[in-house]
There are 2 protein chains.
Amino acid sequence: MTVRTVGVVGLGLMGKPMARALLRGGFTVPVFNRSPAAMDELAGDGAVPQPSARALAAASDVVITMLPDGPDVAAVLRGADGIFAGARPGLLAIDMSTIAPATAVELAADARARGLAFLDAPVSGGPEGAASAALTIMIGGEPADVERADPVFRALGKTITHCGPAGAGQVVKACNQLVVALNIAAVSEALVLAQRTGVDPQTVVRVLQGGLAASRVLELRGAAMAAGDFTPRGKASAHRKDLGIIMDLARQSGTVLPATAVVDQLFGDLIAQGHGGLDHTALMLAVAELNGIKLGRT
Amino acid sequence: MTVRTVGVVGLGLMGKPMARALLRGGFTVPVFNRSPAAMDELAGDGAVPQPSARALAAASDVVITMLPDGPDVAAVLRGADGIFAGARPGLLAIDMSTIAPATAVELAADARARGLAFLDAPVSGGPEGAASAALTIMIGGEPADVERADPVFRALGKTITHCGPAGAGQVVKACNQLVVALNIAAVSEALVLAQRTGVDPQTVVRVLQGGLAASRVLELRGAAMAAGDFTPRGKASAHRKDLGIIMDLARQSGTVLPATAVVDQLFGDLIAQGHGGLDHTALMLAVAELNGIKLGRT
């Protein structure tokens with residue numbers, strides 16, 4: 001069955017450019033969003049606003065959800081006015097939000113029991129990646145469903161990986177967020193140590209980028225961190241939410257993650273100090289403040 | 001004063017290829033090593049074996065030390081049969097070992113008081129970088145001495161950075177080792193989490209390398225880590241030594257480094273379990289064993 005109509009629920013920082021990429025890809029794109037302003041905006045690009053997720057599902061071959069967290073996704077799928085309620089037989093629901101793997105597994109089983117299909121397909125690459133259809137997409141679910149969704153994924157992303165059964169996409173996304181958080185902590189602690197001992201943090205960024213200490217975090221954000229510039233691209237509050245998913249996953253699976261646990265606490269401190277709206281690299285602020293250091297710009 | 005003769009003390013994994021790079025660079029290279037076999041080997045390449053560090057200093061314009069740790073460097077410089085004892089006026093001693101910044105500062109002051117000069121110039125890039133004269137060199141000391149040493153540094157490395165006054169090179173090296181250790185911990189915890197939750201660690205390595213989680217550690221060592229292959233390139237025991245320097249520097253400067261402190265403990269566990277001779281990425285072994293997971297190959 002050829003996919004012609006791809007509904008999008010959740011027109012936030014990510015959902016909006018993703019809906020536009022689907023329109024550019026030639027799909028018909030019904031859209032639904034809690035606040036209608038985003039729908040009106042996208043209608044100008046050719047999207048078709050819907051009165052509910054239920055109505056959207058009734059009009060779609062595939063539905064994409066892009067929402068803040070697992071409970072939002074579960075509500076939009078299972079609600080009385082939700083996607084499962086409106087779905088035609090065989091509808092494929094693709095959740096591209098970052099949620100707990102366990103929730104993804106439950107939703108996949110729930111969809112199957114209703115004669116529907118579900119994939120977890122969280123992304124990395126941020127709003128820029130969404131706007132340029134260059135997202136990295138990590139997929140968990142049945143091979144046949146992944147194949148059916150392939151044209152949709154190709155309209156949205158560049159690196160598209162089927163990671164395993166239901167939930168596996170969310171596990172890989174959790175691993176991704178774990179590594180990004182620790183790489184940010186690494187640069188944060190190194191730059192605070194340099195600053196405290198009188199060495200220019202910009203020199204540290206430049207030198208370290210040339211060797212085994214190099215990372216994408218250092219390359220893309222190191223100079224801004226050294227300058228105390230934490231203009232948000234990935235928000236600290238969203239990354240802490242992801243760390244909650246990671247620590248829950250670790251607890252449920254009986255995994256101990258000592259370094260991640262500490263970095264999760266540092267992110268918690270950052271949020272508690274009121275900095276959740278800054279970039280996630282503002283973790284350096286938390287480390288600096290622990291050390292009684294005030295950074296220049298924030 | 002043109003530098004023609006560059007003595008090298010310490011012909012280990014690093015010192016030996018560095019002495020060869022200096023010979024290729026056209027310098028006369030007196031050498032001294034505690035065990036004579038390495039001197040004999042280098043004599044075949046044109047180096048000039050010396051009976052003591054003192055004799056070596058008397059024959060050299062510049063002396064390079066490449067030794068395991070600060071106490072070794074201090075002994076070779078200050079000993080009765082050491083470099084300071086044999087030095088002609090104006091000798092420039094360049095310590096390229098990784099040692100405590102405080103020791104480097106003391107040795108620089110000591111050299112100055114004797115009418116000699118001292119630079120701290122630790123490197124990264126390992127034996128391969130030394131063999132191909134592609135080391136990253138991080139320098140602390142007086143600008144005039146850095147300038148005088150420039151032809152020597154150019155024979156050994158590619159990225160040559162004057163980081164600040166005496167000790168600054170060692171501070172930047174400490175920052176480098178901190179970041180490498182945390183980036184290794186990041187990959188280790190992510191891969192153990194994936195393995196525990198049933199997702200293929202090689203998939204995680206491949207997907208993460210495409211986004212903000214990318215790092216040189218992941219790129220160069222991720223696949224081997226996922227395969228449980230910890231063939232030593234940078235030894236775990238040497239990295240733990242560097243973490244000792246970092247934690248001492250933090251304590252002396254009144255800096256708290258919560259994530260680094262935990263990773264230091266994990267490295268300590270790795271050493272305590274008898275794995276100090278493995279690659280530093282074997283930190284993943286320590287994380288796996290904490291989780292009751294036995295990895296395939298070691």
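These legends accompany several views of a predicted model. Local features need pLDDT of at least 70, side-chain atom pairs count only at pLDDT 80 or more, and totals for chains, interfaces and linings use all residues; side-chain values use heavy atoms, without hydrogens and water. Residues are numbered from 1 along each chain as its sequence is written, and chains are lettered from A in the order in which they are written.

**View 1. Chain A as a whole.** Chain A holds 14 helices and nine strands (DSSP runs: H or I of at least four residues for helices, E of at least two for strands, numbered from the N terminus). Its C-alpha trace spans about 65 × 45 × 35 Å along the principal axes. The radius of gyration of chain A is 20 Å, in agreement with the value near 19 Å for a compact globule of 298 residues (taken over C-alpha atoms; the rule is 2.2 Å times the number of residues to the power 0.38). Of the 298 residues, 60% count as buried (under 20% relative accessible area, with a 1.4 Å probe and protein chains only).

**View 2. The two-fold axis.** A turn of 180° and a shift of 0.0 Å along the axis lay chain B on chain A with an RMSD of 0.0 Å (least squares on C-alpha atoms of residues with pLDDT of at least 70 in both). That is the relation of a two-fold axis. In chain B, the C-alpha nearest the axis belongs to Ser215(B), at 1.9 Å. The same surface serves both copies: 100% of the contact residues of chain B recur in chain A (contact: heavy atoms within 4.5 Å).

**View 3. Leu208(B) in the nonpolar core.** The largest nonpolar core has 109 residues (buried Ala, Val, Leu, Ile, Met, Phe, Trp, Tyr and Cys joined through side-chain atoms within 4.5 Å). Leu208(A) and Leu208(B) have the most contacts inside it. Beyond four places in sequence, Leu208(B) touches Val172(A), Cys175(A), Asn176(A) and Val179(A) from chain A, plus Ala213(B), Ala214(B) and Leu218(B).

**View 4. Helix α9 of chain B.** Residues 168–196 form this helix of 29 residues. First to last C-alpha, the helix reaches 42 Å, close to the 42 Å expected at 1.5 Å a residue. Of its 29 residues, 27 are buried, so α9(B) is largely enclosed by the rest of the structure. Just after the helix, Gly198(B) takes a positive phi of about 85°.

**View 5. Thr136(B) in strand β8.** Thr136(B) sits in β8 of chain B, residues 135–140. Thr136(B) is buried, at 6% relative accessible area. Leaving aside neighbours within four places in sequence, its contacts include Val207(A) and Gly210(A) across the chains. Within chain B, Thr136(B) meets Pro122(B), Val123(B), Ser124(B) and Thr159(B).

Conventions. The expected span of a helix is 1.5 Å times one less than its number of residues. Buried means under 20% relative accessible area, exposed over 50%, partly exposed in between (1.4 Å probe, protein chains only).
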